[in-house]
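Here's a quick briefing for anyone meeting this structure for the first time. Have a look at the sequence and the model, then work through the notes below.

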Amino acid sequence: MESQAPSTTKDRLLDAAEELFSSRGIDATSLRAITSAAEVNLASVNYHFGSKDGLVKTVFLRRLEPLNNERLELLDALEISAAGAPIELEAILDAWVMPALRMGHSPEGKRIKRLMSGIYSEPGDTLQALLRDLFSEILRRFCAAIGRAIPELSGEELMWRVHFMLGAMIHTVADQPSIRALSGGLCDPSDIEGVRRRLIGFVAAGLQAPLEEKDAPPTAGENR
């Protein structure tokens, strides 16, 4: 029988799984490898998480729930301050991107960034369901705020532009070392304020880009 308290065993499993998932990938990591790294027995996975899928879900929840909670707290504060008026677009984007940039520069940031990239490189049913659970409500809130800031966008056009926005932001947070190499050291990804300023400026310009005529929403009384 293991001598550790259940909470300690659970944390060791989560830490070991996070490290192995981020370095090897989820599918390539066996439960035996995780329990060996955590120095616990296989039965402890079923006891704490029910299955490997349950462990995967908890590993991601541990990192993404606090991140999204911080984003929502920032958006809540902006909405209270705006008192019903549209929020400045750059402020909305800042509420989304800054928590992720800070997380990426935390002591465990390198591992977390590799882990986050696994959501998109290993799109299994478990992770897709997790994405829906974690991001459906927060994306609804942020899309609504962006839509109020740029009311000329149709619902379809807004979602396409938010999709492109997320791609730029995810790549920037998850793959920061590449810009240093590609620029020959000219660009410094550790300059969080510089990254924030450039990323938000770039994304804001894309979100507000002029509409092509075929993408513009119909005017009153017009059928398309």
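Let's start with helix 2, whose buried residues are Ala-33, Ile-34, Thr-35 and Ala-38. Keep in mind that this is a predicted model. From helix 2 we move on to two loop residues with unusual backbone angles, and then to three pairs of packed helices.

**Helix 2 and Thr-35**

- Thr-35 sits in helix 2, and it counts as buried because its relative accessibility is 4%, while the cut-off for buried is under 20%.
- What does Thr-35 touch, once its neighbours within four places in sequence are set aside? Its contacts are Leu-13, Val-40, Asn-41, Leu-42 and Val-45.
- Right after helix 2 comes Glu-39, with a positive phi near 60°.

**Two residues with positive phi**

- As background, most residues other than glycine have a negative phi.
- Glu-39 is not a glycine, yet its phi is positive, at about 60°.
- You'll find Glu-39 in the loop that runs between helix 2 (31–38) and helix 3 (43–49).
- Is Glu-39 buried or exposed? It counts as exposed, because its relative accessibility is 61% and the cut-off for exposed is over 50%.
- Ala-83 is another non-glycine residue with a positive phi, this one about 55°.
- Ala-83 belongs to the loop between helix 4 (52–82) and helix 5 (89–104).
- With a relative accessible area of 69%, Ala-83 is exposed.

**Helix 4 against helix 5**

- In general, two packed helices are described by the angle between their axes and the distance between the axes.
- For helix 4 and helix 5, the angle is about 150° and the axes are 9 Å apart.
- That angle makes helix 4 and helix 5 roughly antiparallel to each other, because angles over 145 degrees count that way.
- Helix 4 and helix 5 cross in a right-handed way.
- On the helix 4 side, the contact is made by Arg-63, Leu-67, Glu-70, Arg-71, Leu-74, Leu-75 and Leu-78.
- On the helix 5 side, Ala-91, Ile-92, Ala-95, Trp-96, Pro-99, Ala-100, Arg-102 and Met-103 take part.
- Sorted by class, the contact of helix 4 with helix 5 has 11 nonpolar residues, four charged ones and no polar ones.

**Leu-75 up close**

- Leu-75 is part of helix 4, and it is buried, with a relative accessible area of 0%.
- How far apart are Leu-75 and Trp-96 in space, C-alpha to C-alpha? They are 8.3 Å apart, with their positions 21 residues apart in sequence.
- Not counting residues up to four places away in sequence, Leu-75 touches Ile-87, Ala-95, Arg-141, Phe-142 and Ala-145.

**Helix 5 against helix 10**

- The axes of helix 5 and helix 10 come within 10 Å, crossing at roughly 135°.
- Helix 5 and helix 10 are therefore oblique to each other.
- The crossing of helix 5 and helix 10 is right-handed.
- From helix 5, the residues that meet helix 10 are Leu-89, Glu-90, Leu-93, Asp-94, Val-97, Met-98 and Leu-101.
- Their partners in helix 10 are Ile-192, Val-195, Arg-196, Leu-199, Ile-200, Val-203, Ala-204 and Leu-207.
- By class, the contact of helix 5 with helix 10 has 12 nonpolar, no polar and three charged residues.

**Helix 8 against helix 10**

- Helix 8 (residues 155–174) has 20 residues and reaches 28 Å from its first C-alpha to its last, close to the 28 Å expected at 1.5 Å a residue.
- Which residues of helix 8 are buried? They are Glu-157, Leu-158, Arg-161, Val-162, Met-165, Leu-166, Ala-168, Met-169 and Val-173.
- The axes of helix 8 and helix 10 (residues 192–207) come within 10 Å and cross at roughly 165°, so these two helices are roughly antiparallel to each other.
- Helix 8 passes helix 10 in a right-handed crossing.
- Arg-161, Val-162, Met-165, Ala-168, Met-169 and Thr-172 are the helix 8 residues that meet helix 10.
- Across from them in helix 10 are Val-195, Leu-199, Phe-202, Val-203, Gly-206 and Leu-207.
- The contact of helix 8 with helix 10 has nine nonpolar, two polar and one charged residues.

Technical notes. Residues numbered from 1 in each chain as written. Predicted model: local features only at pLDDT ≥ 70, side-chain atom pairs only at ≥ 80, totals over all residues. Heavy atoms only, no water. Helix = DSSP H or I, 4+ residues; strand = E, 2+ residues; numbered from the N terminus. Expected span 1.5 Å × (residues − 1). Buried < 20%, exposed > 50% of the residue type's maximum accessible area, 1.4 Å probe, protein only. Axes fitted to C-alpha atoms, helices over the stretch in contact; angles between N-to-C directions. Parallel < 35°, antiparallel > 145°, perpendicular 65-115°, else oblique. Left-handed = near helix turned anticlockwise from the far one by under 90°. Contact = heavy atoms within 4.5 Å. Nonpolar A, V, L, I, M, F, W, Y, C, P; charged D, E, K, R; others polar.
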